[in-house]
Amino acid sequence: MAVNTIGEIFISDTANHRILKVLTNGTVEVIGGNGISGFSGDGELAINAKLNRPTKIVVDSAGRVVFCDNSNNRIRMISNNGTISTIAGSGTGFVLGDGGLATNAILNMPTGLTINSIGEILIADTSNFKIRKIDLNGIITTIAGSGNQGFEGDGGLATSAPLNFPADVSVHPTTNEVFIADSNNHCVRKILTNGTIFTVAGICGAQGQSSDGGLAINSRLNYPIGVAISSTGDIFIAERDNSKVRKVSSSTGIISTFAGNGVFGFMGDGKAAVNASIYNPYNVAFNSAGEAFISDYGSGKIRKVSLNGIITTVVGEYLQSQDGKLATDVVLNTPKGVAISPSGEVYFADSDKYAIRKITLSGTIITIAGSGLYGFAGDNGYSSQLSNSYDIFINSLGEAFIADTYNHRIRKIDVNGIIMTIAGIVTSGFSGDGGLATKAELFEPYGVVTSSSGDVFIADTSNCRIRKVSSSTGIITTVAGGTCGFGDNVLAVDAQLNTPYGISVNSKGELFIADTNNHRIRKVSSSGFISTIAGNGVGGFSGDGGLATNANLFKPSKVVVNSIGEIFIADSSTNRIRKILTNGTIITIAGNGNSGFNGDEADATNSQLGSPYGIALSSTGEIYISDQGNNRIRKLVPYCVNQGTLVNGSCFYTDYNNNSTKDNSNVSNNNQILAVVLPSVLVPVFCIVAGIVVVLLICCVIFSKRTRKEKSTEKVESVPRDLEMAIESQTLQTMESVKSEPTDFPSEQSLYFQSMVSSQYKSVASESSSNNAASKYNILEKIGSGAFGSVFRVEVKKTGDIKAVKALKYVDHDDLNNIMKEGIQLLKMDHPNIVKVNDMFVDSSQLVFIEMEFYAYGDLSTLIQDTNTIHSEILLRKILEQSCQALQYIHENLKIVHRDIKPSNIFLKSIDLANDDIHIVLADFGLAKDTQGSMAKSFAGTPLYMPLELSLGVNYTFNADVYSLGVTMYQLMTKDVQTSISYLYMNKNSIETKQILRSKMEAPNTYSDQLIDVVLNMIEKDMEKRPSEVDVLNQMK
């Protein structure tokens, strides 16, 4: 958000990928972005360009709009003539580029920026942990941040000081001192003109909140995400996670609250700003009169604090004010579930607008639940608040059932419009089976459906269960799943699921489950047995035209069944809608696999989708899709080829004499994709763009074929350039000149093969001089697969050496960056108990390969599965000692939390059971998180081995790995792989839990009290009391 000299307000509409301008008369117009996420348009009109989550905006002295195109890793500018250009960031690569042109530099999720008094641009290069400056000649340099994540360096040079996700930067208007919102350090820091850095607000590294009236340097802040300096030099801080804007006096250094009472929400307009509720403020800006404007992000509004301290809303409308508009004129925000009422009206969960909305038969939109503000309220009334709702289902009576996901409830809207909770309570967790559903705990339910008898089925996602609420008694029970994992062809209540998202019920009472993280669709028969009907358990895309059980799916989010037994799947991470025919064959009916948007009114299989989430079927055969990444609801309809007219399933054609003929053979087997809801900014230019796109696509086909032919004779010379081509070449990916499907291992048609080790790390160079990835190896067998990829045993042709190659599918740029992280982390590691990586390469099938040493003895799970052998304490102590040494190395030297320690990630380099000798190596760093000593917060790992803090997505630290290793040791000692220790902790106190675990470890009568005590300490619930790996090593002495 920014305000120019004449009072116009500029807003980054982040979730809708647009830049807006509010004129002084209150009119809002789009000045940048076409509403589609992506990158395009440089040199053209900004309103036709693709942006990707733009964040902070500034306006320079010439009136040009400069903004962070965050997920494109660029800084872009809209000139006064309306054209857009990139002024910093190449979008990808390996070299930061300091000292060179800013357009050639590498930025990493830039979030904030500002312009100093002489016109230089300062950038908060957030995920590079730096503040960077573009001078008047376009040269970029670093002015703060060593590139390491963390906190230290106050009193020294700013360029030597670590930062921790700096989210914003501002400049003093007269002194040119630079202020940094060092967000994850929870403080604000200042760079003097001599380059020295020090803290001016917050205790760096100490998260929290403090009362007003004390020195700012002694106060606690909670994720300061924005910083601004007034004309008088006062510091204004947007404190996101305390929902306040704080002010630090330039004359006294005293901190006070400027706006916000600390209560998350929206209220208080017309009153004193300090008494108002604001919701996750992101930025502060000032107009020429000194009035402050606050980006009230969570409320979706811009609010103004006048000079007398009164707060008002100046931009943003209540959700309901859009009601009555045509659905195609309304902007959505991450639509999830979609449903069709008996009368044909379309309902959908507008998830990030915290609302349930309805498209009437006349095409207008109405909000039926939710206020547009996150929260929980309104039961037994007409007005309500929702969290992010992920699903909706309409029964035959017209009642709506809502998965109010992050309120951990299922709610119902009756035919009179009254909303009520029918399952779940205020807390999340698992409890209540056999009792009333309204007294049971749910944990992030993602899906809901009802049967013909009125029973309600719930995808209790984070509990890895499907639960049923009886229509006659209101009693809740589990009907499938229990612990997270995979188990098939057994009673569903004895099976394992892995974060199931979507569910459906057919007329026979059979239950269909989108078992999302198992990459499968599963069916529970009427007799209660579960089986897989689609997906082989390996995430990816393959198998069209073959049996669905042999196909690859990738995180399917929704499944629905029609009246003849055909099954429709939202294969979300492959950007496709797929269908299982009644003979068990799977086909794609929408989406070409590329994430994006390439227009409506085309054959659906040639269309681009953006992580489609929900599906609904109308009684007339139309298929509705919530295209969440494109913020649209879209519809698939049958159509006639050769411009025929479809009437009741038949095509009719009219000749020159107006004679009509019927031809059923011309009804396309595919569907045409149409818009139901789309951003209105696209409508005026659609016809022009469609014509241009057709011409460009034809040119791209010719060019891509020609380029492939020419490049087949060239030698790859530069790793960064080749990788950049592999990531960014949309021509090759979109036109798919090579029609072979992506495979687990690179085909002979692979184009991009280049050792990244040889040139970047001076390690083992690739033996292949060609671009053919397959030419280096003989593939011997697939030896493993999981949610993130497959592992092959291969032979290096030239040497005969046996190696392991891990193949990981990536969907987009972000996926590739995450996968590359694992390989790069492994390349940094040199420890006898950590897996050795030799090489990395990328091929044209959107696959990344990591060559590692092959460990023929398998992993620790083989010891656990050998239930007939009680392994000696000597052996287990060696496993524990070596594992702790590996953890000590990654924690102390690399500042990495592994986050996925489990038996299958600890390999056996050698083992001699007769002599109690073993050598283990720790592997699979794909979920590792670099913390640089700070507490982290995110959700990752394997649920059975995760401590509560990691399961719940709250702050955690290095000893999360110690807990997971403790669970592994418990399993080695007891051979018990069913008990979820985290679940025990949630349902019993710590003393009871440890008594249960101790008795199981004592049962073999083999292990000493010392070893049992050490393991019990490792799996301590309270992370403050849990030991580090160094403590464990000391306790074992």
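Two strands pair if DSSP finds at least two bridges between them. The legends below apply this to a predicted model.

**View A. A four-stranded open sheet built from strands 41, 42, 43 and 44.** The strand order is 41-42-43-44, and the pairing is antiparallel. Strand 41 (558-561) and strand 44 (586-590) are the edge strands. Each has a single partner strand, so one side of each has no neighbour in the sheet. From one strand to the next, the twist averages 25°.

**View B. The pairing of strand 41 with strand 42.** Strand 42 covers residues 567-571. The two strands are antiparallel and share 4 bridges. Lys558 lies opposite Ala570 of strand 42.

**View C. The hairpin of strand 1 and strand 2.** Strand 1 spans residues 2-3, and strand 2 spans residues 9-13. They pair in the antiparallel sense over 2 bridges. Val3 has Ile9 of strand 2 as its bridge partner. Between the strands lie 5 residues. Gly7, in the turn, has a positive phi of about 95°.

**View D. The hairpin of strand 2 and strand 3.** Strand 3 takes in residues 18-22 and runs antiparallel to strand 2. The two are joined by 5 bridges. Phe10 is bridged to Lys21 in strand 3. Here 4 residues separate the strands. His17 sits in the turn, with a positive phi of about 60°.

**View E. The two faces of strand 2.** Strand 2 is mostly covered, with 5 of its 5 residues buried. Ile9, Ile11 and Asp13 point one way. Phe10 and Ser12 point the other way. Both sets are buried. Two of these residues also appear in the hairpin views: Ile9 as the bridge partner of Val3, and Phe10 as that of Lys21.

**View F. The packing of helix 9 against helix 11.** Two packed helices are described by the angle between their axes and the distance between the axes. Helix 9 covers residues 959-974 and helix 11 residues 990-1002. Their angle is about 45°, and their axes are 8 Å apart. The two helices are therefore oblique to each other. Helix 9 passes helix 11 in a left-handed crossing.

**View G. The residues where helix 9 and helix 11 meet.** Helix 9 contributes Tyr970, Met973 and Thr974. Helix 11 contributes Leu997, Lys1000 and Met1001. By class, the contact residues divide into 4 nonpolar, 1 polar and 1 charged.

Note on methods
Residues are numbered from 1 along each chain as its sequence is written. This is a predicted model: local features need pLDDT of at least 70, side-chain atom pairs count only at pLDDT 80 or more; totals for chains, interfaces and linings use all residues. Side-chain values use heavy atoms; hydrogens and water are left out. Axes are lines fitted to C-alpha atoms, for helices over the stretch in contact, and angles run from 0 to 180 degrees between N-to-C directions. Angles under 35 degrees count as roughly parallel, over 145 as roughly antiparallel, 65 to 115 as roughly perpendicular and the rest as oblique. A crossing is left-handed if the near helix is turned anticlockwise from the far one by less than a right angle, and right-handed if clockwise. Contact means heavy atoms within 4.5 Å. Ala, Val, Leu, Ile, Met, Phe, Trp, Tyr, Cys and Pro count as nonpolar, Asp, Glu, Lys and Arg as charged, and the others, Gly among them, as polar. Buried means under 20% relative accessible area, exposed over 50%, partly exposed in between (1.4 Å probe, protein chains only).
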